[in-house]
Amino acid sequence: MRASRLISLLLLLQSRETMTAGELARELEVSQRTVYRDVEALSAAGVPVYADQGRNGGYRLLGGYRTRLTGLSREEAEALFLSGLPGPAGDMGLADAVAAAELKVLAALPTSLRDAPARAGQRFHLDAPGWFGDAEPPPLLRELARAVWEDEVVELRYRKDREVVRTAEPYGLVLKNGTWYLVAQVDGAARTYRVARVVSVRPTGTTFDRDEGFDLAGYWREQATRFLRSILREEVTVRLSPVGMRALRWAVEPYAAERAAESAGPPDERGWVVTTLPVESETVAYSELLRLGPEAEVLEPSGLRARLADAAIRLAGLYQ
């Protein structure tokens, strides 16, 4: 445990140049006293850690000191090569940079771990797009990726119901089920744009000051949840068998399945439960609940119950 923490401390100093004991303690989730002891241990091992005194002081490594990646376990080395996404990186024009970075990491690994990329590649592959999605990247993705990297303000021409022009500060790109989205600040507020609907990108030649506190992953989670809540505005009361309850997550949105699980009542003597399921509309609920067949019984609304009953009668007639 301590050896792993010492390596983490050393790598933090390599990447951040100077860090205070408090900053290191927060990153490593230990006390400042533990940081002091770990720094002493590194110094005793010959690592040139220097402490700058004063208000703006902290710990730093002398003389551009760098460590080779000899502290990696086999699992860590293989996970490192799994963390890159060559397909999406290539879509953004970064394939050469990813390949160069992997070569440098490979050169720094000890001989015993240099089969890590081959082992990872033989065992795992990410296929991000859906089965019926367009595998080709949007034509303007690379231009937007460049603007994101360079913090450059761009003028977007975007087509949805109609074509609009927006001056945007591109903060990040998100790949969701094979579809790319741009997250940008427009008029002081974060907005999300589907990259395939961007008609043109015009660089303005000016840069913006990025809000370093902006959490792209957190923003995306919040927006995704808000979107689902906005479309799942209706509810149906449904009775589910144990099999139907387990299969629900494959028939409806995961968010809806989670809400149904939370609101489920106690099971009856056969294990069936009554719950409330959020749905987009009665029509969508009809197609979703048909997938569960005899493992689900709609109790309310009566119109949806009647539609499913009619479907069951017609289905039974086909198999008589």
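Okay, so let's start with β2 and β3: four bridges join β2 to strand β3, residues 58–61, and the two run antiparallel. If you want one pair to look for, take Ala51, whose bridge partner in β3 is Tyr59. One thing to keep in mind as we go round: this is a predicted model.

So where do those two strands sit? They belong to an open sheet of three strands, in the order β1-β3-β2, with antiparallel pairing. β1, residues 18–19, and β2, residues 49–52, are at the edges with a single partner strand each, so one side of each has no neighbour in the sheet. As a quick reminder, strands of a sheet pair through backbone hydrogen bonds, either parallel or antiparallel.

Now hop along the chain to β9 and β10. β9 covers residues 234–240, and seven bridges join this strand to β10, again antiparallel. Val236 is the residue facing Leu277 of β10 there. Is β10 mostly enclosed or mostly open? Five of its seven residues, in the stretch 273–279, are buried, so the strand is largely enclosed by the rest of the structure.

β9 also brings us to the charged pairs. How many salt bridges does the structure hold? The count is 13. Let me pick out a few of them. Glu297 forms one with Arg239, and their closest N and O atoms are 3.1 Å apart. Glu297 is in strand β11 and Arg239 is in strand β9, so this pair ties together parts that are 58 residues apart in sequence. Glu297 is partly exposed, at 25% relative accessible area. And that pair has company: Arg239, Asp268, Glu297 and Arg305 are linked in a network of salt bridges.

Next, Arg210 and Asp151, whose side chains meet in a salt bridge at 2.9 Å, N to O. This one links distant parts of the chain, 59 residues apart: Arg210 is in the loop between β8 and α9, while Asp151 is in the loop between α8 and β4. Arg210 counts as partly exposed, with 25% relative accessibility. For contrast in sequence position, look at Arg259 and Glu258, which meet at 3.8 Å, N to O. Arg259 is partly exposed at 23%, and Glu258 is partly exposed at 44%.

Asp151 deserves a second look for its backbone. Its phi is positive, about 50°, although it is not a glycine. Asp187 has a positive phi too, near 55°. That residue lies in the loop between β6 and β7, and it is exposed, with a relative accessible area of 77%. While we're on backbone quirks, the peptide bond from Glu300 to Pro301 is cis, with omega near 0°. You'll find Pro301 in the loop between β11 and α13.

On to the pocket. The largest pocket has about 610 Å³ of space. It is lined by 15 residues, and the closest to its centre are Tyr181, Trp220, Gln223, Ala224 and Phe227. Which elements give two or more residues to that lining? They are β6, β7 and α9. α9 gives the most, with seven residues.

Last stop is the surface. Leu315, Leu318 and Tyr319 make a nonpolar patch of about 410 Å². Leu315 is in helix α13, and it is partly exposed, with a relative accessible area of 47%.

Terms used:
Residues are numbered from 1 along each chain as its sequence is written. This is a predicted model: local features need pLDDT of at least 70, side-chain atom pairs count only at pLDDT 80 or more; totals for chains, interfaces and linings use all residues. Side-chain values use heavy atoms; hydrogens and water are left out. Buried means under 20% relative accessible area, exposed over 50%, partly exposed in between (1.4 Å probe, protein chains only). Two strands pair if DSSP finds at least two bridges between them. Patches are made of residues with over 30% relative accessible area and no salt bridge: like charges are joined within 9 Å, nonpolar side chains (Val, Leu, Ile, Met, Phe, Trp, Tyr) within 5 Å. Accessible areas come from the Shrake-Rupley method with a 1.4 Å probe; for residues, only the protein chains shown count as cover. A salt bridge is a side-chain nitrogen of Lys or Arg within 4 Å of a carboxyl oxygen of Asp or Glu. On a 1 Å grid over the protein atoms alone, a cavity is a set of points where a 1.4 Å probe fits but cannot get out, and a pocket is an open set with protein on both sides within 12 Å along at least five of seven lines; lining residues have an atom within 4 Å of a point. Grid points are joined across faces, edges and corners, and a volume is the space filled by probe spheres set on the points.
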